[in-house]
Amino acid sequence: SYGIGFNIGSSIRREGLDLDAQTIAAGIAAALKGEPSAVPAEEVQAAIEEMAKAKSSAKLEANKKFLEENKAKKGVKSTKSGLQYMVIKEGDGAVPTAKSTVKTHYRGKLLNGTVFDESYKGEAPAETDEAVEFGVTQVIKGWTEGLQLMTKGETRRFWIPAALAYGDNPRPGAPKGTLVFDVELLEINPVAPPPAAIQAAPAK
């Protein structure tokens, strides 16, 4: 019982919700006893929707503030679309086009540093044959634009606003908001694979 309650509390905490623990416990107790809810379902749903809107608005403002401050940092450049990037390691090869297929290593993070997807094993780069291959136009907008600014052998860090990433309707495993990707461009081929191969940023 304690473990289940702890998991519920942990989930609420991860969501950043400011809720009263005693009232939550009272609601759980009533449900377990089969008692009717003290609050009408319509009111609960309305409150949840209002809370979600407030949270989304706050997140957008926080992301906007971060990007404004970040683009002023040394080495960070911005494009007209709002994409921000920094060159971590210079390359000296060819530049991909919208028709290219590329092979990359990457690590995707949230603004708090949490890694949500990557092609690396732990801290060290994985072997080249484990890199991800896809068409330049078969990924999120931020990747499509960013890849065409890179040269073969180059590594860049991209700060991708939600509008150029997954927006308000992310697929499973792809979070909302501003995302940070470190991308290493390993290979470039002229022909892209079939469009159905990848629908968003590469994911395992």
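**A guided reading of the predicted model**

In this predicted model, residues 195–201 have a pLDDT that stays under 50, and for them the model has 18 contacts beyond four places in sequence. A second stretch of this kind covers residues 125–129, where the pLDDT is below 50 and the model shows 10 contacts beyond near neighbours in sequence. For the chain as a whole, the mean pLDDT is 86, and 88% of the residues reach 70 or more. Among the elements of the chain, the highest mean pLDDT, 97, belongs to strand S6, and the lowest, 88, to strand S4, which comprises residues 115–118.

The description of the fold may begin at helix H1, which runs over residues 2–14. Its 13 residues, at 1.5 Å a residue, should span 18 Å, and the C-alpha atoms at its ends are indeed 18 Å apart, so expectation and model agree. Just after H1 comes Gly-16, whose phi is positive, at about 70°.

Strand S6 offers a useful point from which to follow the strand pairing. On one hand, S6 pairs with S2 in the antiparallel sense over five bridges; within this pairing, Arg-157 of S6 is the bridge partner of Met-86. On the other hand, S6 is joined to S7 by six bridges, and these two strands also run antiparallel. Here Thr-155 has Glu-184 in S7 as its bridge partner. Five of the six residues of S6 are buried, and the strand is therefore largely enclosed by the rest of the structure.

Two loop residues deserve attention next. Thr-178 is found in the loop between S6 and S7. Is Thr-178 buried or exposed? Its relative accessible area is 4%, and because buried means under 20%, Thr-178 counts as buried. Beyond residues up to four places away in sequence, Thr-178 touches Asn-63, Leu-67, Leu-111, Ile-160, Pro-161 and Ala-162. Gly-82, by contrast, occupies the loop between strand S1 (77–78) and strand S2 (84–89), and is partly exposed, with a relative accessible area of 27%. Outside its neighbours within four places in sequence, Gly-82 is in contact with Trp-159, Pro-161 and Leu-164. A distance of 10.0 Å separates the C-alpha atom of Gly-82 from that of Glu-68, 14 residues apart along the chain.

The interior can now be considered. In soluble globular proteins, nonpolar side chains tend to be buried together. The largest nonpolar core of this model has 22 residues, and those with the most contacts inside it are Trp-143, Leu-147, Ile-160, Phe-181 and Val-183. Two or more residues come from each of strand S3 (101–109), strand S5 (132–135), helix H4 (141–147), strand S6 (155–160) and strand S7 (179–189). Of these, S7 gives the most, with four residues.

Aromatic rings complete the picture. A search of the whole structure finds seven aromatic pairs. In one of them, Trp-143 and Phe-181 meet edge-to-face, with 5.3 Å from centre to centre and 80° between the planes. Trp-143 lies in helix H4 and Phe-181 in strand S7, so this pair ties together parts that are 38 residues apart in sequence. Both Trp-143 and Phe-181 are buried. Through ring pairs, these two residues are also linked with Tyr-106, Phe-116 and Phe-134 into a cluster.

Technical notes
Residues are numbered from 1 along each chain as its sequence is written. Side-chain values use heavy atoms; hydrogens and water are left out. A nonpolar core is a set of buried Ala, Val, Leu, Ile, Met, Phe, Trp, Tyr and Cys residues joined through side-chain atoms within 4.5 Å. Buried means under 20% relative accessible area, exposed over 50%, partly exposed in between (1.4 Å probe, protein chains only). Contact means heavy atoms within 4.5 Å. Two strands pair if DSSP finds at least two bridges between them. pLDDT is the predictor's confidence in each residue, from 0 to 100. The expected span of a helix is 1.5 Å times one less than its number of residues. Rings of Phe, Tyr and Trp (its six-membered ring) pair if their centres lie within 6.5 Å; planes under 30 degrees apart count as stacked, over 60 as edge-to-face and the rest as tilted.
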